[in-house]
Structures are given as structure tokens and as C-alpha cells.
Amino acid sequence: MAKPKGDANPSYVLGHSAHELARLRAQARFLERVTRQFLREAGVKKGMHVLDVGSGAGDVAFLAAALVGEAGGVVGTDRVGNAVAAATLAARRRGLRNVRFREGDPAELTFRRRFDAVIGRYVLLFQADPSAMLRGLARHLVEGGLLVFHEPDWTFVRAFPPAPLYDRACRWIADTTRLCAQSWSFLDRAHTAFVAADLPPPTMRMHTFVASAAHAREWLLGVGDIVESLLPTMVRLGVATADEVDLETFRDRLLAEVASNGSVIVGRSEVGIWTSVR
């Protein structure tokens, strides 16, 4: 295979297809417990007014809405119109009256009031300058308001004993995102991003998914979903060919290999980062 070439015009590498919005909903179910834990430990509570950035399908906004209750409220934002439309429809179907969505860059939008917290999940890693975004978001906060982010890190992903297809898939993902200037390992950038934005040093937490084959199915299927979303970009950049991936059988082969090898899977780490604005 030819050496992968970088992407001269990086954009949100996963796209905004119907498959990707469905993948985000599945991912949200997988991440719900740890995101809730980060938000609660950071101090998001009943009665707060919260700005959610990069809302996507709306799942983090819905989680925040449950934490703040009817006395509080959540404004979700996304730069992509079809994501805002999907999140708005989902809120209506859930009968939620304390959450609404707006299209646009949250660092540049204006709002009628300041917020008690600004939150986001899997947002900072996609920014060319995370510190600039944090600086822009901080202006929306009341004094003492919270900036709370949940970001991924793929540094420790592996299998033991080795599961070659799983290990190869993780390399495809890492190579594709790196070539798109969107590295999905944010741990080593998290502290610097906050401090460089003239914010107080953040509190940080990390949770890592580790499971035997019997309990790794949901994560492995999630890897399959990521590969499907990334496949056009993988092929375009020369990271992998469509035949090499064989998407139609990929998930079944992945599950079978991990089970037959008796592998323990180390998956993505979840990093919570938060601080309060003085």
C-alpha cells in the first residue's frame, strides 16, 4: 500500500451522515455513565443554566437537562444544521421543556444571559486551537462558572493476547485522524489547553475501558461503527483499502477473533477536565 498522505483541508473527519448521527447516539449510550460522573463531580447541579457545545444528536444536552432539572435550563449548540434539527426533534419527542438548540459557533454566538456552566463532549480535540475556543466560551460564564469537558484518549488502546484485526483497526483510526490533524489522544494536551487560555489549572480524571471478550461486544461494535464512518477518508488518504477492511464482514470478524483468542481488550480512555472561571 502507498504511504498515507496528509489531508490538506482538514474538516470534521467523521462527517455528518445519518449513519454518523446514529453512531453518536450509540456512543452516547456507551458513555452516558462516565459523562454524568464527570459533570456531577465538576459541580453541575439542579437549577443551573448550562451551555452545551458541539451538541451533535443532543445526548449530552439531555444528560445535563436531567441534572439541572426544571428549575434550570440547557442551550445546546452545533455548527451543523442537520445535527441541530435532529437534536431539536429528539428533545420534542422526549417532551423536554428545559432544553433548546441553536446553530452556530458557540464561541461567537451571543446569548440573553450568562451561564453557570459550559460543557462539551469530544469537542476540544477537533479544534485547531482549543485554548482559543475555551477563551471564547469563558466569556459566556458567570463569575465562578464552570468549564467542563469530556475528551477521548486512544494512547493505551491494545489487546492481550494480541488480536491482530482489532490492533490493525485501531491503527487505521489513529492514522486517519492524525493525517486529518485531528488526533484523538487528548490527554497530553488537556492541561496545556486550559492554562494557555488563561484559566485556572484544571481538575482532571481518566477512566479506561478494559474488558474480556465476553464483555467487550459493545465497544467492539463501536469500533466497527467508527471504521464505517471513517472508511471513505481512510481510502482517500491511503490508510486502508475497502477490500482490506471488508466492511460487510468486519464486525463479525472482529468479534470472532477477539473471542477465539481469549483477548482482554483495552479500549479508549475517557478524560474529564474542568475548572471554574474567576
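In this predicted model, the buried residues of helix H2 are covered by surroundings that include H1, strand E1 (49–53), strand E2 (73–78), H3, strand E3 (99–103) and strand E4 (115–121). Nine of the ten residues of H2 are buried, so this helix is largely enclosed by the rest of the structure; the buried set consists of Asp59, Val60, Ala61, Phe62, Leu63, Ala64, Ala65, Leu67 and Val68. Just after H2, Gly69 adopts a positive phi of about 70°.

Asp59, which belongs to helix H2 (residues 59–68), is buried but has no salt bridge, and the nearest side chain of opposite charge, that of Arg94, is 4.0 Å away. When residues up to four places away in sequence are not counted, Asp59 touches Leu24, Arg25, Ala28, Arg94 and Arg121. Arg94 itself is part of helix H3 (residues 81–94), and its contacts, leaving aside neighbours within four places in sequence, are with Asp59 and Phe62. Although 32 residues separate Arg94 from Phe62 in sequence, the C-alpha atoms of the two residues are 9.2 Å apart in space.

Helix H4 (residues 130–138) is likewise largely enclosed by the rest of the structure, because seven of its nine residues are buried. Pro130, Ser131, Met133, Leu134, Gly136, Leu137 and Ala138 make up this buried set, and the elements against which they pack are E1, E4, strand E5 (141–153) and helix H6 (187–195).

With respect to internal space, the structure holds one cavity of 30 Å³ or more, and the largest cavity contains about 40 Å³. Its lining is formed by Thr35, Phe38, Leu39, Val60, Ile119, Gly120, Val148, Phe149 and His150, with H1, E4 and E5 as the elements that give two or more residues. By class, the lining of the largest cavity comprises six nonpolar and three polar residues, and no charged ones.

The second largest pocket encloses about 300 Å³ of space and is lined by Phe30, Leu31, Arg33, Val34, Gln37, His207, Thr208, Phe209, Arg268 and Glu270. Helix H1 (18–42), strand E7 (203–212) and strand E8 (264–276) each contribute at least two residues to this lining, the largest share, five residues, being that of H1. Four nonpolar, three polar and three charged residues are represented in the lining of the second largest pocket.

Side chains of opposite charge can pair when their charged atoms come close, and a search of the whole structure identifies seven salt bridges. One of these joins Arg36 and Glu32, with an N to O distance of 2.5 Å; both residues lie in helix H1, four residues apart, or about one turn of the helix. Arg36 counts as partly exposed because its relative accessibility is 23%, and Glu32 is also placed in the partly exposed class, at 34%. A further salt bridge links Arg178 to Asp175 at 3.4 Å, N to O, within helix H5 (residues 164–179), where the two residues are three positions apart. Asp175 is partly exposed, with a relative accessible area of 27%.

Glu228 also forms a salt bridge, in this case with Arg251, and the closest N and O atoms of the pair are 2.8 Å apart. This pair connects distant parts of the chain, since Glu228 lies in helix H7 (residues 217–237) and Arg251 in helix H9 (residues 247–261), 23 residues apart. Glu228 is partly exposed, at a relative accessible area of 29%, and salt bridges with shared partners join Asp225, Glu228 and Arg251 into one network.

Definitions and conventions
Residues numbered from 1 in each chain as written. Predicted model: local features only at pLDDT ≥ 70, side-chain atom pairs only at ≥ 80, totals over all residues. Heavy atoms only, no water. 1 Å grid on protein atoms, 1.4 Å probe; cavity = no way out; pocket = protein on both sides within 12 Å on 5 of 7 lines; lining within 4 Å. Points joined across faces, edges and corners; volume = space filled by probe spheres on them. Nonpolar A, V, L, I, M, F, W, Y, C, P; charged D, E, K, R; others polar. Contact = heavy atoms within 4.5 Å. Buried < 20%, exposed > 50% of the residue type's maximum accessible area, 1.4 Å probe, protein only. Lys, Arg positive; Asp, Glu negative; His and termini not counted.
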